[in-house]
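Trainee: I've got a new structure open and I'd like to talk through its binding sites. Can we take it step by step?

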Amino acid sequence: MPTISSHDVVILGGGLAGLSAALVLGRARRGVAVVNARGPRNAAAEAAHGFLTRDGAPPLELVAMARREAATYGVQLVDGAGVAAVRTDTGWRIELECGRMLEARHVIAATGLQDVLPDLEGADEAWGRGLFQCPYCHGWEVRDRRLGVLGTTESSVHQALLLRQWSPHVAFFTHTLEGLAEEDRLQLKERGVPVIEGKVKALAGGAQGLVSVELDSGAAVACDGLFCEPEARVDAALTGAFGWTLRADGCVAVDGVGRTSVAGVWAVGNVTDPAAQLMSAAGDAYRTAVALNAVLVEEDTAQP
Ligand SMILES: Cc1cc2nc3c(=O)[nH]c(=O)nc-3n(C[C@H](O)[C@H](O)[C@H](O)COP(=O)(O)OP(=O)(O)OC[C@H]3O[C@@H](n4cnc5c(N)ncnc54)[C@H](O)[C@@H]3O)c2cc1C
């Protein structure tokens, strides 16, 4: 029989969103366990930017500090992946991959998103080092350099126009974006962004940073940073386990304080919003923790 531990709240996912909720609930003297599987979404990046007072800190260092702070208030940190969830009379039972069980009155999903990188040679090595998805996170670091945008969706054109804010040397690779509209071409021209036709095959440079973008045709274009919009997915196994409603963009639907469509299941951070940055993910989680604590107080009052 596996060991079962009981908590007020189990938080699945120990990135900054999950740990922010854990800190607030731990300080509210709730019994909290945070289950975390691996590194945060930005683990591949050398530094995290735009996080007030910690700008430039390595991503894993931020997480380590947050773990230490949460542990100070009695939050239990559990390594492992939540793989199944079953409703019980008093809340939820979460099963980890290793077979361990945790019971809780409420669950917060803070499991983030899984990025599906473009299918290019060298993409894995360059991710977060020369291949980026967000100019606000990394634009400053490559300002005034030779930059590129990988055309994959209609919004890739917007990304190129935006990136011009950081550098006058931006090129647009049509890649898999078929039939670039005349209006888009005019806008790119207006902002001095040349359009490079053809499919991108490989990225040269690796973890030290990008050097060039290689096309199917064999041509190589010098490039210090390539921006793209990878598909970002919510873990399908958790969707199956909880049965929560997803929005049209594939993220978990929540109300203004982070309640999902399933009673006793809350969600915070990237899993609810692909555009949430570290600061906003942590901030939203703070609000959710306060709302959840209020619900726990109501439950405690109804059942003294
Ligand atoms: C390359 C890159 C660079 C970025 N740089 C920046 C930046 O400089 N500044 C910035 O503000 N934002 C940056 N971001 C965005 C930032 O990563 C997100 O805003 C942030 O990670 C969201 O926090 P989160 O806690 O919601 O998710 P995450 O940080 O991804 O945390 C989710 C956690 O849940 C765990 N997990 C997943 N599934 C399970 C499971 N089943 N059971 C248990 N645990 C699970 C994961 O291992 C992970 O630790 C970057 C993103 C990328 C992709």
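**Around the ligand**

Mentor: Sure, and keep in mind that this is a predicted model. Domain 1 (4-113 + 234-302) and domain 2 (116-227) both give residues to the shell around the ligand, so the ligand lies between them.

Trainee: How many residues surround the ligand, and which are the closest?

Mentor: To be in the shell, a residue needs a heavy atom within 4 Å of the ligand. The closest are N36, R41, H49, N270 and A276. Count up the whole shell and you get 32 residues.

Trainee: What classes do the residues in that shell fall into?

Mentor: It's a mix. Three residues of the shell are charged and 13 are nonpolar. The rest of the list is polar, with 16 residues.

Trainee: Which helices and strands each supply at least two residues of the shell?

Mentor: Look along the chain for elements that give two or more. One of them is a strand, β2 (32-36). The others are helices: α1 (16-27) and α4 (135-138).

Trainee: How far is a backbone N or O atom of R41 from an oxygen atom of the ligand?

Mentor: Let's look at some backbone atoms here. For R38, a backbone N or O atom sits 3.0 Å from a ligand oxygen, and a polar backbone atom of N42 is 3.5 Å from one. For R41, the distance is 2.9 Å.

Trainee: What percentage of the ligand's exposed area does the protein bury?

Mentor: Start with the ligand taken alone, which exposes 990 Å². Then put the protein around it and see how much gets covered. The protein buries 98%.

**Another pocket**

Trainee: Which element gives the largest share of the lining of the second largest pocket?

Mentor: That pocket has a volume of about 410 Å³ and is lined by 17 residues, with S20, L23, F51, A66 and E69 nearest its centre. Helices α1, α2 (59-72) and α8 (278-302) each supply at least two of the lining residues. The largest share, six residues, comes from α1.

Note on methods
Residues numbered from 1 in each chain as written. Predicted model: local features only at pLDDT ≥ 70, side-chain atom pairs only at ≥ 80, totals over all residues. Heavy atoms only, no water. Polar contact = N/O pair within 3.5 Å; in protein donor to acceptor, adjacent residues only side chain to side chain. Areas by Shrake-Rupley, 256 points an atom, 1.4 Å probe, with all protein chains shown as cover. Helix = DSSP H or I, 4+ residues; strand = E, 2+ residues; numbered from the N terminus. Nonpolar A, V, L, I, M, F, W, Y, C, P; charged D, E, K, R; others polar. Domains from an automatic or database assignment. 1 Å grid on protein atoms, 1.4 Å probe; cavity = no way out; pocket = protein on both sides within 12 Å on 5 of 7 lines; lining within 4 Å. Points joined across faces, edges and corners; volume = space filled by probe spheres on them.
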